[in-house]
Amino acid sequence: MTITASPGFDQHESVAFHHDPASGLRAFVAVHRKRHGRGCGGIRYRVYANEQAAVDDVLRLSAAMTRKAVLAEVPAGGAKTCILADPSRGKTVELLEAMGRVVESYHGSYVCAPDVGITADDLTVIRGVTAHVVGVGTPSGPYTARGTFRGIETMAAWKLGRDSLDGVRVAVQGAGSVGAGLAHLLTSAGAVVTIADLDADRANAVAAEVGAEVVDAGAILELAADILAPCALGGILTRDTVERLKVQAVVGAANNQLADAAAGTALAVRGIAFAPDFVVSAGGLIAGEHELTGFDEAAVHGHIDRIGGTLRQILELSASAGISETAAAERIVSERLAAADGH
Ligand code: NAD
């Protein structure tokens with residue numbers, strides 16, 4: 001394995017491997033960029049096929065956090081931890097405390113948060129060792145749902161010419177923390193929601209609560225609707241799945257929805273508008289930022305609601321420059337970073 005040859009390595013300020021033999025902790029921490037002295041990003045805990053897969057994941061995710069923070073007007077850069085889980089050891093208090101010591105060793109230049117495989121309880125253990133943690137007391141899902149909802153409002157106006165969501169048909173994939181919150185906001189705004197989850201009981205419970213329809217998980221991507229809101233796993237948009245979509249736009253919180261460049265091209269060819277997930281899924285990051293500066297619910301909501309305007313700016317640039325929405329978002333990120341650097 002050659003870490004220095006991994007894609008994106010050169011764009012990072014630091015990439016480190018941390019090993020605590022006593023607890024079994026093995027983790028890569030990548031700081032893509034510090035802004036205002038810190039990089040923010042979650043701790044992911046999962047089994048990787050090999051070390052290279054973990055390096056690739058941590059580099060990709062920390063770079064994405066910088067884009068997300070810049071577009072969300074959060075004064076931080078991006079960072080990430082990927083813990084290589086050892087199933088035979090399990091996730092012990094000792095391992096989490098060792099992770100806390102790693103975070104502490106960055107003296108605040110890395111602020112961590114939860115991600116896949118790390119629960120609020122795990123974070124509480126880490127918080128016992130270091131103060132540089134957000135997301136302990138505030139579940140991020142509802143805030144992420146709010147930002148995604150604002151994105152859907154903007155997209156409905158832009159693509160469908162609708163000034164309200166009344167009667168707009170939205171297919172929500174995933175009835176977890178984000179999907180459930182989003183479904184609630186959508187039906188409250190008069191949208192017609194259909195929801196699906198691999199866990200049918202979860203989908204049924206959410207649907208009953210908010211007044212939505214349910215379809216099988218295998219059917220949601222092919223449902224005839226106005227907007228698809230992916231709120232399950234990443235990588236769901238491939239050239240094949242895009243060919244089968246029956247919507248005019250995709251706006252969801254799931255990270256890295258486009259499996260590859262071919263999926264983005266297929267969306268453009270079919271005229272399906274796409275809201276980059278790193279734009280509309282920033283609500284949780286924004287809420288975490290406010291934890292550091294004094295949490296005020298109204299201020300958090302006001303900040304999250306600006307996601308709608310940012311998406312509008314991206315859609316307008318995409319149309320005027322003839323580039324994809326993702327390229328437009330990345331151009332705005334580059335311009336803001338260059339302006340901040342005084343270039
Ligand atoms: P979650 O684990 O609470 O819910 C995900 C749900 O998706 C689960 O109920 C799961 O059963 C379901 N699911 C998985 N595969 C599916 C499939 N193929 N079809 C239908 N349902 C499927 O996760 P969450 O916190 O709601 O996050 C949802 C997505 O949003 C994830 O991709 C996450 O990375 C992303 N995201 C979440 C946040 C946050 O604040 N929670 C922030 C940014 C991005």
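Which residue follows helix 10, and what is the sign of its phi? Helix 10 is followed by G294, and the phi of G294 is positive, near 110°. Before I go on, a reminder that this is a predicted model.

Let me stay with helix 10. The helix covers residues 283–293, and 8 of those 11 residues are buried, so helix 10 is largely enclosed by the rest of the structure. The buried ones start with G283, G284, L285 and I286, and continue with A287, G288, E289 and H290. E289 and H290 are on that list along with the glycines. What lies over them? The cover on the buried residues of helix 10 includes strand 3, helix 1 and helix 4. It also includes helix 11, residues 297–305, and helix 12, residues 307–321.

Next, the domains. The assignment for the protein chain gives two entries: domain 1 takes in 3–65 and 76–127, and domain 2 takes in 141–282 and 309–333. Between the C-alpha centres of domain 1 and domain 2 there are 29 Å.

Now the ligand. How many residues surround the ligand? There are 21, and the closest are S140, T144, D197, R202 and A232. By class, that shell has 9 nonpolar residues, 9 polar residues and 3 charged residues. Two helices that each supply at least two residues of the shell are helix 4, 141–160, and helix 5, 177–188.

On to backbone atoms at the ligand. V178 has a backbone N or O atom 2.8 Å from a ligand oxygen. For A253 the corresponding pair, again a backbone N or O atom and an oxygen of the ligand, is at 3.5 Å. At L198, a polar backbone atom lies 3.3 Å from a nitrogen of the ligand. As for cover, the ligand on its own has 830 Å² of accessible area, and the protein covers 74% of that.

I will now go through some loop positions, starting with E73. E73 sits in the loop between helix 1, residues 51–71, and strand 4, residues 77–84. Is E73 buried, partly exposed or exposed? Its relative accessibility is 38%, so E73 counts as partly exposed. Leaving out residues up to four places away in sequence, E73 touches H303, R306, T310 and R336. There is also a C-alpha to C-alpha distance of 9.8 Å from E73 to A282, across 209 residues of sequence.

Two histidines come next. H36 is in the loop between strand 2, 25–31, and strand 3, 39–46. The phi of H36 is positive, near 50°, and H36 is not a glycine. H36 counts as exposed because its relative accessibility is 65%. The other one is H107, in the loop that runs between helix 2, 93–104, and strand 5, 110–114. H107 is also not a glycine, and has a positive phi of about 50°. With a relative accessibility of 67%, H107 counts as exposed.

Then there is G167, found in the loop between helix 4 and strand 6, the latter being 169–173. G167 is partly exposed, at 34% relative accessibility. Outside its neighbours up to four places away, G167 touches R162, G190, A191, V192 and D226. V193 is 26 residues from G167 in sequence, and their C-alpha atoms are 9.2 Å apart.

What about I220, buried or exposed? I220 is in the loop between strand 8, 213–214, and strand 9, 227–230. The relative accessibility of I220 is 1%, and the limit for buried is under 20%, so I220 counts as buried. Its contacts beyond four places in sequence include A171, V172 and Q173, then T194, I195 and A196, and also V215 and L228. From I220 to G174, 46 residues apart along the chain, the C-alpha atoms are separated by 9.6 Å.

The last position is D10, in the segment before strand 1, which is 14–20. D10 is exposed, with 67% relative accessible area. The C-alpha of D10 is 9.9 Å from that of L59, and the two are 49 residues apart along the chain.

To sum up the contrast: I220 is a buried loop residue, whereas H36 and H107 count as exposed. Helix 10 is largely enclosed, and G294 with its positive phi comes after it.

Note on methods. Residues numbered from 1 in each chain as written. Predicted model: local features only at pLDDT ≥ 70, side-chain atom pairs only at ≥ 80, totals over all residues. Heavy atoms only, no water. Near = heavy atom within 4 Å. Polar contact = N/O pair within 3.5 Å; in protein donor to acceptor, adjacent residues only side chain to side chain. Areas by Shrake-Rupley, 256 points an atom, 1.4 Å probe, with all protein chains shown as cover. Helix = DSSP H or I, 4+ residues; strand = E, 2+ residues; numbered from the N terminus. Nonpolar A, V, L, I, M, F, W, Y, C, P; charged D, E, K, R; others polar. Buried < 20%, exposed > 50% of the residue type's maximum accessible area, 1.4 Å probe, protein only. Contact = heavy atoms within 4.5 Å. Domains from an automatic or database assignment.
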